[in-house]
Amino acid sequence: MSGDTSSDCFTADSGLRAGPAEHAGAQFYLVGAGIASLAAAAFLIRDGGVQGQQITLFEESEQLGGALDAAGSPQEGYVARGGRMFERHYVCTFDLFASIPTLDDSKTVTQEMLDWNETMKTSSNARLIRRAERETAPLFGLSERHILTIERLAVEPESMLGRSRIDDQLDASFFKTNFWIMWSTTFALQPWHSAVEFKRYLVRFVHMVAGFNQLHGILRTVYNQYDSMVRPLLKWLSRRGVSFVRGTRVVDLDINDAANELHVERIHYLRDGVAGEISVRPEDRVLVTLGSMTEASSLGAMDLAPPILGKNDGGAWALWAKLAAGRGDFGHPATFADHVDQSRWVSFTTTLYAPDFLRSLIELTGNVPGEGGLITFPDSAWMLSIVVPHQPHFIGQPDDVAVFWGYGLTVGEPGNFVSQPMAACSGREIMTELLGHLGMEADAEKILESALCVPCMMPFITSQFLPREPGDRPDIVPAGARNFAFIGQFCEQPDDVVFTVEYSIRSAQTAVYRLLALEQDPPPVYQGKFDPKVLYNAYRALHDHAA
């Protein structure tokens, strides 16, 4: 059960369960060091009985943790490319982190998060801000036709939706409703994204609809997700001897196809521009993170816009393309990688060295930092949103320094207060636009003097939402695969939703259990659609908050 930290399951200090002995001489090679690979390494040790010394992770960059990153200092400013939403039914996530102690070893990461959210409950008093005025618990504004379409999508088979887009299913008026504005900015969905993914989100989070206009049920970590989750997991893995090989790009795998069985026989890599290879024996295992939603991310500065990079500025998409060439069952990476205009957006992290901005924001929103969750500005041409987390947001952050994060979904349009599109804006220009929507223009000069805003362009951040067909994402263990598996956001897992930590961790747990032939399965995906009370509450909320 998610969140179970009782001693009869496992203990945080040992974190081990009995596992098979037949893999004692095997080596386990993991391509990528995002949360999927880190989770896979933990499951290999905890559930598979594999020794940490048998596990090697290859990471192209110097940073471990993938999209769950955060870095910086009070002097140079802090940066977090993004922040992921959590809720209580992330069963694989809480199962994993119930085995991982916090950095101070006082409790498990799961218990820390559950305890923290009993103290700091999300309840937004300003989910939307229009014309510098907050809207508390805004009505959804749906028409009866909108509601009927949402209900149809929830029950319609995915095969009938095919490659259709969300705006193929709903008319233009829907995308002006508060429901869509709140749903799209919470989950980063766009009208041109996949109707199938929209359907999955409606079904997966049906239990959250009733309190959605105040973000009830959303959970947060004590600090940013790198400090609260990745660092404890890295510490746990390092203590057990797992090897992390940074600055190493895996460029290809030699796969032998004989007698309808597929075996990885060799790993090819580049390190400091020098080619190398590793022989993979039949008893070894290889887990590959396919694609990357943070590939080719670039940072700007207070007076510099981030450059726009592409799929050739990293190795993740190139590796998948090589693996998939001539193999239809390995997916179709071009579906996700070749439409940057439909998958990019800009995030920004602002470090504040004076209290003026936060003071004014607290007065406007009625929420203290950490309590309100996402704030969206529906009038924004950029569809701008911000989150002010509990402070400190970074371990070691000084008391007189604050940090908040934000992003814009529509980055190609000129702003309302600056003339440039968000994609071409510096941190100063982004802050100027934000202060305009907050009605703080009179104090803008003073606030900007004591702020450092770092924008981040992410070309592929919502690529997993793009319209697709069955087969575009491969199975975790493709047919015939004997010693390898695919993990991460771009493998197929029915019933669960991409762009979540849960999806990556579920893929890792599934891959490990199948490759090791363990007689267990990951915890099932929560199915609120079968709970009459959940369905009733969602139905009532949709109608009660209608136009």
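In strand β17, the residue that bridges to L352 is A451. That contact belongs to a longer match-up: β17 (residues 451-458) and strand β13 pair in the antiparallel sense over eight bridges. Pairing here takes at least two DSSP bridges between two strands, while the strands (E, at least two residues) and helices (H or I, at least four) are DSSP runs numbered from the N terminus. This is a predicted model, where local features need pLDDT of at least 70 and side-chain atom pairs count only at pLDDT 80 or more, though totals for chains, interfaces and linings use all residues. Residues are numbered from 1 along each chain as its sequence is written, and side-chain values use heavy atoms, with hydrogens and water left out.

β13 has another partner too: seven bridges join β13 to strand β16 (residues 402-408), again running antiparallel. In that pairing, V346 sits opposite G408 of β16. Eight of the eight residues of β13 (residues 345-352) are buried, so the strand is largely enclosed by the rest of the structure. Buried means under 20% relative accessible area, exposed over 50%, and partly exposed in between (1.4 Å probe, protein chains only). W345, S347, T349 and T351 point one way from β13, V346, F348, T350 and L352 point the other way, and all are buried.

Next along the chain comes helix α12 (residues 356-365), where F357, L358, L361, L364 and T365 are buried. These residues lie on the same side of α12 because they cover an arc of only 125° around the axis, the arc being that of the directions from the helix axis to the C-beta atoms. Turned away from this buried side is a face carrying the exposed residues R359 and E363. After α12 comes G366, with a positive phi near 75°.
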